[in-house]
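Subject: Handover of a structure and notes on its contents

Dear colleague,

Please find below the structure that I am handing over to you. My notes on it follow directly after.

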Amino acid sequence: MDESNGSDNAADPREDSPWELHEARLMAENTRLRRICDALIERVESSNMTPTAPYGAFQHSVVLAEQVRERTQALREVNQQLLAEIEERRRVEQQLREAREKAEQANLSKTRFVAAVSHDLMQPLNAARLFTSALQESSDANSAFQLSHISTALRDLESLITTLSDASKLDAGVVTAEVGVFPLRDLLDVLAEEFRQQAEQKGLRLRYVPSERLVRSDPQLLSRIMRNLLSNAIRYTHSGSILLGSRRHQDQVEIVVADTGIGIREDQLGVIFEEFKRGKQAARFHERGLGLGLAIVEKISQILAHPLSVSSIPDKGSRFTLTLPVAQPSEYVARTLSADELAGQSLAGLRTWVVDNDEAICLGMKTLLEGWGCEVVVAESLAALRAKVDTSRDEADVLLMDYHLDPDMDDGITVARFINDGRAVPLPVLLVTADRSADLKKRCARNGYRQVYKPLKPLKLKMALQQFAHHRDS
């Protein structure tokens with residue numbers, strides 16, 4: 001009995017060891033947890049769990065992270081490409097900017113060159129015109145024929161130079177409109193008288209229908225349009241007549257220049273307004289010309305916003321129509337004398353001081369003005385004028401001042417202002433210039449000076465001086 005009890009007691013300590021029991025429990029728990037985990041994994045993998053489930057969320061997060069990484073890398077590559085393209089675009093834009101600046105500088109240089117050449121060519125041309133005008137007024141029958149041909153050749157040369165200068169300025173964009181209100185007749189009267197003489201020299205009749213309307217435009221630019229149209233009408237008409245007139249159309253005025261000349265073919269009507277292009281009829285009948293006249297007309301009409309139209313029949317003639325806005329009488333404040341009012345105005349005794357740095361111009365101006373009865377003092381500089389007269393005290397009626405003097409001297413406006421600053425009563429100033437810029441117009445307006453443009457038209461100069469003679473006598 002005791003042996004049996006002893007054997008039982010020997011087995012119990014091994015089975016009841018707390019470490020062994022603890023180990024066994026842990027192993028059992030581990031086994032149980034593995035079974036549960038395996039079952040859960042199997043269930044998750046075999047079932048369609050939503051992304052909100054823990055494992056699905058983890059799996060979805062991993063996928064999203066991978067997608068984010070891929071998208072980030074793609075965005076990084078796109079950004080690098082964009083930066084490279086932006087840098088390339090900046091480089092190209094810089095090159096374009098530099099090319100544009102060079103082109104603008106070249107265009108400006110060309111404009112300055114043409115202006116300088118035009119001025120230098122205009123000086124002897126202007127002197128020649130003054131001399132021929134003076135000779136024509138006192139010529140006999142034997143020399144009248146030769147003088148008329150000389151005058152025609154000089155006028156053609158003048159037209160070429162002026163046209164080239166105008167085209168250059170328009171291309172450079174330096175021409176701006178200074179719109180004002182004025183009687184249309186003031187401008188058309190002068191043009192009709194000037195071109196009537198040219199038409200008569202060619203055996204043509206110029207019919208003129210005056211207008212009493214007030215218009216809103218730039219008189220200088222409008223005059224340039226009308227001169228080109230009238231010049232072309234006379235140039236390409238060999239017999240018949242030229243019409244210069246206007247008609248009211250609602251709140252607008254249509255100025256018409258019509259002729260009985262060679263006409264323009266219908267398929268050439270669009271070409272005639274292109275630079276250096278002339279209709280085939282014109283090229284066949286007239287060799288001179290640059291093909292710029294009507295291109296200038298169209299560009300100026302666009303600057304002024306005056307619609308221009310043309311109709312023509314070959315061998316019958318052409319009609320150009322320019323449309324201007326009508327102004328109200330209340331808008332017109334200044335009044336100038338018309339050609340009719342000045343027709344009988346004498347220049348006899350008009351005391352005129354002329355300052356021009358070109359000796360030939362001075363001699364030509366003296367010859368022409370003295371032929372009109374003026375009392376003339378000419379000088380090539382302010383110092384030369386002061387050597388002949390007392391500019392602060394001697395009496396004079398008008399100061400005829402060239403604008404472009406020597407490069408190292410002040411311009412004509414500065415010299416004229418200096419003379420008038422020393423006088424108790426300032427002299428009226430007539431500035432002679434080929435510069436048609438808006439800045440010069442404003443300077444003249446601020447100082448109260450009038451302008452006449454080179455090359456001088458004797459009739460236009462005479463009418464300008466008659467204005468001063470009228471104010472002197474009134």
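How many bridges join strand β6 to β7, and do the two run parallel or antiparallel? Strand β6 (residues 308-313) is joined to β7 by six bridges, and the two strands run antiparallel. Please bear in mind throughout that this is a predicted model.

Strands β5, β6 and β7

The bridge partner of I313 is G317 in β7. Three residues lie between the strands in the hairpin of β6 and β7, and D315 takes a positive phi near 65° there. Strand β7 (residues 317-325) also pairs with β5 (residues 252-259), in the antiparallel sense and over seven bridges. In that context, V257 has F320 of β7 as its bridge partner. Of the nine residues of β7, seven are buried, and the strand is thus mostly covered.

The parallel sheet

Further along the chain there is an open sheet of five strands with parallel pairing, in the order β9-β8-β10-β11-β12. The edges are formed by β9 (375-379) and β12 (450-453); each has a single partner strand, so one side of each has no neighbour in the sheet. On average, neighbouring strands of this sheet are turned by 20° against each other, direction ignored. At one of these edges, β12 pairs with β11 (residues 429-433) in the parallel sense over four bridges, and V452 in β12 is the bridge partner of V432.

Two helices lie across strands of this sheet. Helix α10 (residues 359-371) lies across β8 (351-355), β9 and β10 (398-402), and runs at about 175° to β9. Helix α12 (residues 412-421) lies across β10 and β11, and its direction is at about 150° to β10.

The pair α6 and α8

Two packed helices are described by the angle between their axes and the distance between the axes. For helix α6 (residues 219-235) and helix α8 (residues 293-304), the axes come within 9 Å and cross at roughly 150°. The cut-off for roughly antiparallel is over 145 degrees, and α6 and α8 are therefore roughly antiparallel to each other. The crossing of α6 past α8 is left-handed.

On the α6 side, the residues in contact include L221, L222, I225 and L229, while those on the α8 side include L294, I296, V297 and I300. The residues of this contact divide into ten nonpolar, four polar and one charged.

With kind regards

Terms used. Residues are numbered from 1 along each chain as its sequence is written. This is a predicted model: local features need pLDDT of at least 70, side-chain atom pairs count only at pLDDT 80 or more; totals for chains, interfaces and linings use all residues. Side-chain values use heavy atoms; hydrogens and water are left out. Two strands pair if DSSP finds at least two bridges between them. Axes are lines fitted to C-alpha atoms, for helices over the stretch in contact, and angles run from 0 to 180 degrees between N-to-C directions. Contact means heavy atoms within 4.5 Å. Buried means under 20% relative accessible area, exposed over 50%, partly exposed in between (1.4 Å probe, protein chains only). Angles under 35 degrees count as roughly parallel, over 145 as roughly antiparallel, 65 to 115 as roughly perpendicular and the rest as oblique. A crossing is left-handed if the near helix is turned anticlockwise from the far one by less than a right angle, and right-handed if clockwise. Ala, Val, Leu, Ile, Met, Phe, Trp, Tyr, Cys and Pro count as nonpolar, Asp, Glu, Lys and Arg as charged, and the others, Gly among them, as polar.
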